[in-house]
Amino acid sequence: MASIGSAFLTLNRFPSLCSFTHTRFNHFTATLFFLSSNTPIQRRRFNSCTKVTMASHTITTSPYGSWKSPITADVVSGASKRLGGTAVDGRGRLIWLESRPTESGRAVLVLEPENPGGEAVDITPKEFGVRTLAQEYGGGAFTVSGDVVFFANYKDQRLYKQSITSLGVAPIPLTPDYGGPVVSYADGVLDTRFNRFIAVREDRRESSQNPPTTIVSIALGSKDVKEPEVLVGGSDFYAFPRVDPKSERVAWIQWSHPNMPWDKSELWVGYISENGEIYKRVCVAGYDPSVVESPTEPKWSSSGELFFITDRESGFWNLHKWIESENKVVPVYSLDAEFARPLWIYGMNSYEFMQSHKQSNLIACTYRQKGKSYLGLIDDMQGSKLTLLDIPFTDIENITSGTDYLFVEGASGVHPSSVAKVTLDDDKSKVVDFNIIWSSSPDSLKYSSYISKPELIEFPTEVPGQNAYAYFYPPSNPSYRAIDGEKPPLLLKSHGGPTAETRGVLNLSIQYWTSRGWAFADVNYGGSTGYGREYRDRLLGRWGIVDVDDCCSCAKYLVDSGKVDAERLCITGGSAGGYTTLAALAFKETFKAGASLYGVADLKLLIEETHKFESHYISNLVGGEKEWFERSPINHVDKFSCPIILFQGLEDKVVPPAQARKIYQALKEKGVPVALVEYEGEQHGFRKAENIKFTLEQQMVFFARLIGRFNVADEITPVKINNFD
């Protein structure tokens with residue numbers, strides 16, 4: 001589960017304390033009531049402030065939370081470019097997909113500069129945006145082959161072909177116009193033998209709740225657009241269609257309800273006939289009911305061997321290969337580490353085959369172990385020897401291979417999400433150059449003195465002998481120090497998914513808090529990925545229990561360690577993390593306030609309204625109707641006593657707006673301090689800069705007003721809080 005709209009904000013019961021503002025954002029009108037500047041909005045605060053002049057600069061003694069920081073909400077929202085994948089063109093140049101909050105989240109393909117220090121070139125014309133809605137979360141929206149790029153256009157969801165060398169020529173549509181964005185394509189590959197494009201298709205023409213997903217072929221040689229032909233169908237879901245070098249075989253991943261792809265999936269190979277049809281199929285992995293596994297990321301080597309990643313036996317996603325002559329699977333390299341991530345989106349690329357004069361199967365790979373990522377090379381011909389490559393990134397996602405180099409998508413505690421060109425020596429055994437080509441926040445270095453570096457903590461849970469993990473960020477600002485004896489407020493974040501993992505990387509939205517004097521904890525509760533299947537399965541049947549307990553245990557651990565103030569513990573989360581936030585506030589008494597971003601309040605409503613991909617997910621995580629009712633925060637409004645602010649996109653199909661409205665209305669009627677902000681034009685996750693900024697600022701001032709004991713240094717006009725203002 002992985003700008004402001006009509007915010008349900010009504011007139012203050014004391015009109016003299018309010019000023020009326022009528023504002024227009026995003027082509028619609030929003031009517032809001034803000035507190036006037038002379039309203040005494042801060043309760044329980046410290047007002048003392050002392051300045052000490054040091055040799056280099058002035059250090060001010062001021063309460064935690066009141067510190068002024070150059071990392072503003074404008075800086076954060078402007079630095080929120082998202083990376084949607086990388087590829088290499090026929091000349092070895094990097095192409096990446098970036099979404100731009102300043103362009104309402106439009107995703108654009110960009111070509112790296114011709115020369116170092118030059119200007120990158122936008123490939124995507126201004127009237128296009130590269131994004132697929134397949135499986136709601138998308139991914140795999142483009143493919144590069146030589147000097148041609150194939151991409152899914154956001155507005156109409158059609159596939160297009162575009163020349164990289166002739167950018168003045170308009171993209172050519174490859175799929176039919178169905179009168180609207182009702183058919184989506186993703187995760188495609190070029191089949192040169194039959195001059196066609198093979199991709200996953202989600203067809204919502206007849207049903208948006210249960211659209212059929214198939215693997216289709218799209219003809220490229222015809223002047224007229226033709227209806228795609230179905231190559232593979234019958235299963236509920238498909239991913240990773242991959243054609244071998246001779247176009248004689250195609251591999252793919254499939255799975256069906258009630259499984260999610262990380263629970264149980266299957267790897268198949270189809271043999272392609274002379275006319276391009278699949279005439280024989282073999283299940284390579286996932287067919288044996290006695291073996292629980294979830295194969296992913298199949299890939300053919302240049303010699304035609306099939307490699308893939310699966311978590312059979314050890315419970316960790318490790319690299320394997322298929323011995324076709326015996327229909328047998330053998331491990332390539334075994335390690336208690338995760339060489340892949342859960343299949344939430346299409347197009348993931350965790351390993352690549354390197355071109356090498358000495359080794360036929362030299363595999364560049366990334367894996368994750370105990371909260372840190374590693375980059376390595378596996379020599380499949382030399383007893384599967386693993387050689388680690390030393391680079392500054394501690395978090396790595398996708399990798400793309402060039403001739404003597406790799407393009408690595410990664411980050412660290414001091415590097416924001418970036419793409420680096422990693423050049424190797426002639427023996428392909430060590431790194432000789434590391435150069436960042438793209439950064440989500442190129443200006444982040446100017447804030448280096450303010451950066452709070454993450455500390456990986458392991459803390460005890462409520463289950464004896466079981467520990468969980470989190471990243472802790474202490475307050476950090478070179479211009480301030482706290483009042484003697486004061487401990488900082490804590491904002492604890494529960495990540496979405498819930499089958500996902502938070503990473504200890506430079507994220508300016510976290511630094512926004514820490515540079516103002518907040519402590520921040522980012523929790524990988526039981527059920528998170530990155531720690532193997534056993535850890536991941538802790539949440540099966542226990543969502544709303546394990547995640548809530550672990551978040552509370554983390555907060556308690558930090559209090560007991562003397563790192564944070566027990567009376568100023570706040571929790572936030574988006575999507576599934578929003579559910580954990582609401583559940584923690586309803587069923588526990590650990591936190592004093594919370595913020596839910598497009599969070600789940602009613603599990604039954606979610607199951608009835610959510611999209612196909614996750615339609616059985618909740619049953620696996622929670623159970624039956626009895627458990628749905630018992631663990632839905634909306635059914636336990638009487639247990640809420642803490643202030644809550646809610647943020648919701650009005651076009652969200654994963655967690656529909658009715659969820660936020662329902663919990664808002666119930667808390668309003670109960671008398672709990674509550675506010676709801678809705679955004680037109682936003683879906684599941686906020687993409688527009690003005691909405692990212694507003695959400696961040698309103699969380700800050702909401703917590704300051706309700707539990708803070710400090711004045712916010714920034715000039716933020718707060719939205720009205722029902723049952724408080």
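**A note on the two main cavities**

1. Helix 7 (residues 617–621) gives the lining of the second largest cavity its largest share, 3 residues. Helices here are DSSP runs of H or I with at least four residues, strands are E runs of at least two, and both are numbered from the N terminus. Please keep in mind that this is a predicted model, where local features need pLDDT of at least 70, side-chain atom pairs count only at pLDDT 80 or more, and totals for chains, interfaces and linings use all residues. Residues are numbered from 1 along each chain as its sequence is written, and side-chain values use heavy atoms, without hydrogens and water.

2. A cavity is a set of points on a 1 Å grid over the protein atoms alone where a 1.4 Å probe fits but cannot get out, and lining residues have an atom within 4 Å of a point. The second largest cavity has a volume of about 70 Å³, taken as the space filled by probe spheres set on points joined across faces, edges and corners. Among its lining residues are Trp 262, Asp 263, Arg 536, Asp 537 and Tyr 617.

3. You may like to look next at the largest cavity, with about 110 Å³ of space. Its lining has 17 residues, and Glu 338, Ala 340, Arg 341, Arg 368 and Arg 503 lie nearest the centre. Strand 26 provides the largest share, 3 residues.

4. Both domains take part: domain 1 (163–442) and domain 2 (464–708) each contribute at least three residues to the lining of the largest cavity, and likewise to that of the second largest. The domain bounds come from an automatic or database assignment.

How values were computed. On a 1 Å grid over the protein atoms alone, a cavity is a set of points where a 1.4 Å probe fits but cannot get out, and a pocket is an open set with protein on both sides within 12 Å along at least five of seven lines; lining residues have an atom within 4 Å of a point.
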